[in-house]
Amino acid sequence: MCSCNKTRVAFNNVYRSLMCLSRMDSISTHMINTNVDPFVVVRRKFLVGFIDRLANCDNVIVKTLYEWAEFRNCPIHKE
């Protein structure tokens, strides 16, 4: 989970830099006001899309891995 936190901080730093926000400005408030998804939402959308693509893949190897019980119980499905 540590690397995910570092990624979230980097995401916020890039957003702050691109939007020319000072350290005193709230990134969360600015994202809400500009209809920008925060990191956790972007990450969740990516994971749901990725899992959906795996589930609908026609590749036999990918489908076998996707249907494998241990893959179905991995932490990516719990997020």
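**Exercise 1. The chain as a whole**

How much accessible surface does the protein chain have, and what percentage of this surface belongs to carbon and sulfur atoms? Describe also the elements of the chain and the share of buried residues.

*Solution.* Begin by keeping in mind that the model is predicted. The accessible surface of the protein chain comes to about 6300 Å², and carbon and sulfur atoms account for 62% of that area. Next, turn to the elements: the chain contains 5 helices and 0 strands, and reading from the N terminus gives the order α-α-α-α-α. Then consider burial, where the chain of 79 residues has 16% of its residues in the buried class. Finally, look at the contacts between residues at least 6 apart in sequence, of which 31% join residues at least 24 apart.

**Exercise 2. Two helices in contact**

Describe how helix H3 and helix H4 are placed relative to each other, and list the residues through which they touch.

*Solution.* The first step is to choose what to report: two packed helices are described by the angle between their axes and by the distance between those axes. For helix H3, which covers residues 39–55, and helix H4, which covers residues 60–67, the axes come within 9 Å and cross at roughly 115 degrees. The second step is to name the residues in contact, which are Ile-51, Leu-54 and Ala-55 on the side of H3, and Val-62, Lys-63 and Tyr-66 on the side of H4. The third step is to sort them by class, and this gives 5 nonpolar, no polar and 1 charged residues.

**Exercise 3. From Asn-12 to the loop after H1**

Is Asn-12 buried or exposed, and which residues does Asn-12 touch? Continue with Met-19 and Cys-20.

*Solution.* Start with the location of Asn-12, which is in helix H1. Its relative accessibility is 17%, and because buried means under 20%, Asn-12 counts as buried. When residues up to four places away in sequence are not counted, Asn-12 touches Ile-27 and Met-31.

Now move along to Met-19, which is placed in the loop between helix H1 (2–18) and helix H2 (27–33). With a relative accessible area of 40%, Met-19 is partly exposed. Together with Val-14 and Leu-18, Met-19 forms a nonpolar patch on the surface, and the three have about 300 Å² of accessible area together.

Cys-20 also lies in the loop between H1 and H2, and its relative accessible area of 71% makes it exposed. Its phi is near 55 degrees, which is a positive value in a residue other than glycine.

**Exercise 4. The loop between H2 and H3**

What is the sign of phi in Asn-35, and where is Asn-35 found?

*Solution.* First, the phi of Asn-35 is positive, at about 55 degrees, although Asn-35 is not a glycine. Second, Asn-35 is found in the loop between H2 and H3. Third, since exposed means over 50%, Asn-35 counts as exposed at 71% relative accessibility.

**Exercise 5. A charged pair**

Which side chains meet in a salt bridge, and how accessible are the two residues?

*Solution.* Recall that side chains of opposite charge can pair when their charged atoms come close. Here the side chains of Lys-45 and Asp-37 meet in a salt bridge, with 2.6 Å from N to O, and the cut-off is 4 Å, so the pair qualifies. The count comes to 1 salt bridge. As for accessibility, Lys-45 is exposed with a relative accessible area of 52%, whereas Asp-37 is partly exposed at 29%.

Terms used. Residues are numbered from 1 along each chain as its sequence is written. This is a predicted model: local features need pLDDT of at least 70, side-chain atom pairs count only at pLDDT 80 or more; totals for chains, interfaces and linings use all residues. Side-chain values use heavy atoms; hydrogens and water are left out. Axes are lines fitted to C-alpha atoms, for helices over the stretch in contact, and angles run from 0 to 180 degrees between N-to-C directions. Helices (H or I, at least four residues) and strands (E, at least two) are DSSP runs, numbered from the N terminus. Contact means heavy atoms within 4.5 Å. Ala, Val, Leu, Ile, Met, Phe, Trp, Tyr, Cys and Pro count as nonpolar, Asp, Glu, Lys and Arg as charged, and the others, Gly among them, as polar. Patches are made of residues with over 30% relative accessible area and no salt bridge: like charges are joined within 9 Å, nonpolar side chains (Val, Leu, Ile, Met, Phe, Trp, Tyr) within 5 Å. Accessible areas come from the Shrake-Rupley method with a 1.4 Å probe; for residues, only the protein chains shown count as cover. Buried means under 20% relative accessible area, exposed over 50%, partly exposed in between (1.4 Å probe, protein chains only).
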